[in-house]
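Biologist: I should be grateful for a close look at a single part of this protein, explained for a first-year student. Please begin with one residue and then place that residue in its wider setting.

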Amino acid sequence: MRGNVRRWRDHAGVPLWAVVKADGYGWGAARIMRLVEDEVAGFFLADADEARAVRGISSRPLALLAASDPGEIAELLEEEIIPNVASLDTLAAADRWARARD
């Protein structure tokens, strides 16, 4: 798997992010993340619960595929999880969080 990820990254010529959802499609998200961590720039997870479950496994950035609720934006950003901003309300919540921190 590590070799495949490396080949895709080299072929694309850009940083590669791995999609590791549904517990690594049954292979175990932690196992997959540890295996390919040195080959990817970050990881996409299905939702906030999945991201929180693997937060300590990798130092790489974590981003969400599912649309984030405006009410959870501040918490996600504080946890260093990149939310999926799919609405103006979510964008406004992210803007408020950022402005509060200059």
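Modeller: In this predicted model, L65 has a relative accessible area of 37%. L65 therefore counts as partly exposed, because that class covers values between the 20% limit for buried and the 50% limit for exposed. The residue is found in the loop between β3 and α5, the latter covering residues 73-78. Together with V19, Y25 and W27, L65 makes a nonpolar surface patch of about 440 Å².

A residue from another loop also touches this place. A46 lies between β2 and α4, and, leaving aside neighbours within four places in sequence, A46 is in contact with K21, L65 and A66. A46 and V20 are 26 residues apart in sequence, yet their C-alpha atoms are 7.8 Å apart in space.

The strands that precede these two loops, β2 and β3, belong to one sheet. This open sheet has four strands in the order β1-β2-β3-β4, with parallel pairing. Its edge strands are β1 (17-19) and β4 (81-82), each of which pairs on one side only. Between β2 and β3, which run parallel, there are three bridges. Within this pairing, L45 stands opposite L64 in β3.

L45 leads from the sheet to the interior. The largest nonpolar core has 17 residues, and V20, F43, L45 and L62 are those with the most contacts inside it. At least two residues of this core come from each of α3 (29-36), β2 (42-45), α4 (48-54) and β3 (62-64). Of the elements, α3 gives the most, with four residues. F43 shows how such a residue is surrounded: leaving aside neighbours within four places in sequence, its contacts include W17, A18, V20, M33, V36, P61, L62 and A63. Among the other contacts of F43 are E37, S58 and R60.

It remains to set this part within the whole. The protein comprises six helices and four strands, and from the N terminus on its elements run α-β-α-α-β-α-β-α-β-α. Its C-alpha trace spans about 40 × 30 × 20 Å along the principal axes. Of its 102 residues, 29% count as buried. The protein exposes about 6,300 Å², of which carbon and sulfur atoms supply 53%. Among contacts between residues at least 6 apart in sequence, 37% join residues at least 24 apart.

How values were computed:
Residues numbered from 1 in each chain as written. Predicted model: local features only at pLDDT ≥ 70, side-chain atom pairs only at ≥ 80, totals over all residues. Heavy atoms only, no water. Core = buried A, V, L, I, M, F, W, Y, C linked by side-chain atoms within 4.5 Å. Buried < 20%, exposed > 50% of the residue type's maximum accessible area, 1.4 Å probe, protein only. Contact = heavy atoms within 4.5 Å. Pairing = 2+ DSSP bridges. Patch = residues over 30% accessible without salt bridge, like charges linked within 9 Å, V, L, I, M, F, W, Y side chains within 5 Å. Areas by Shrake-Rupley, 256 points an atom, 1.4 Å probe, with all protein chains shown as cover. Salt bridge = Lys/Arg side-chain N within 4 Å of Asp/Glu carboxyl O.
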